[in-house]
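Colleague: I'd like to learn how to read a few features of a model. Could you walk me through them?

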Amino acid sequence: STWVNVFNPGTRNGTINGSVGFDADDSKGALTFPGTASSYADFGNIGDLSVSWSFQVAVKPAPSASGNYTILSYASGSDTGSWTYKLDYSSSNQSAVLSVYSATGSTQIVHQVTGLVPTGSWSIINASYGSSVVGMYVNGQPTGYTVTTGSTAGYNADNRLYLGGTYGLDSGFYTGSMASFF
């Protein structure tokens, strides 16, 4: 199945894998992610994001979920040295954590911004990076920003965008509903 981008038709369409399904309580096409292995949406290579990028995603984390899991990730490999950015969710403190990865020489640097995202209700997360600053908003309210140092993680032909999991698809699968990614 394909998750079609209705905001910009023909771009950033995702292939649905595993037990991802449609949210029966949502008439606008939200997907449910069960948090099980190999249940994710694969958007493939969406281009070079090393200079600037932005995204928006609506999430409704499941109240029954526990632990930390990935809402979305853009990377060329499964280790932290290959991620460009990653948006995780922590159920213990009900927060989204945006991590942007860069390097100075062989040293990896992680820049993070955190925002409150309660379980069981919809939240819209916007994030952007440009001019060495990364910022995040939740439901239109700024949650913070941080200045980045070093160069952002490199782009290559293997970069992939995943919703509900990380590159390598080995752990941390998202549990809840998700919609309106662009």
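Modeller: Let's go through ring pairs, a surface patch, unusual backbone angles and one residue's contacts.
This is a predicted model, where local features need pLDDT of at least 70, side-chain atom pairs count only at pLDDT 80 or more, and totals for chains, interfaces and linings use all residues. Residues are numbered from 1 along each chain as its sequence is written, and side-chain values use heavy atoms, with hydrogens and water left out.

Colleague: How many aromatic pairs are there?

Modeller: A pair of aromatic rings is described by the distance of the centres and the angle of the planes. Rings of Phe, Tyr and Trp (its six-membered ring) pair if their centres lie within 6.5 Å; planes under 30 degrees apart are stacked, over 60 edge-to-face, and the rest tilted. By that rule, there are six aromatic pairs here. In one of them, Phe33 and Tyr174 meet edge-to-face, with 5.8 Å from centre to centre and 70° between the planes.

Colleague: Where in the chain do Phe33 and Tyr174 sit?

Modeller: They are 141 residues apart: Phe33 is in strand E4 (residues 31–34), and Tyr174 is in the loop between strand E15 (160–163) and strand E16 (175–179). Strands (E, at least two residues) are DSSP runs, numbered from the N terminus. Ring pairs also link Phe33, Tyr69, Tyr89 and Tyr174 into a cluster.

Colleague: Is Phe33 buried or exposed?

Modeller: Buried means under 20% relative accessible area, exposed over 50%, and partly exposed in between (1.4 Å probe, protein chains only). Phe33 counts as buried because its relative accessibility is 2%, and Tyr174 is buried too, at 0%.

Colleague: Which residues form the nonpolar patch on the surface?

Modeller: Val133, Tyr145 and Val147, with about 310 Å² of accessible area together. Val133 lies in strand E12 (residues 133–138) and is partly exposed, at 31% relative accessible area. For patches, residues need over 30% relative accessible area and no salt bridge (a side-chain nitrogen of Lys or Arg within 4 Å of a carboxyl oxygen of Asp or Glu). Nonpolar side chains (Val, Leu, Ile, Met, Phe, Trp, Tyr) are joined within 5 Å, like charges within 9 Å. The areas come from the Shrake-Rupley method with a 1.4 Å probe; for residues, only the protein chains shown count as cover.

Colleague: What about phi?

Modeller: Most residues other than glycine have a negative phi. Ser38, not a glycine, has a positive phi of about 65°; Ser38 sits in the loop between E4 and strand E5 (40–44). Asn139 also has a positive phi, near 50°, and is found in the loop between E12 and strand E13 (141–147).

Definitions and conventions. Helix = DSSP H or I, 4+ residues; strand = E, 2+ residues; numbered from the N terminus.
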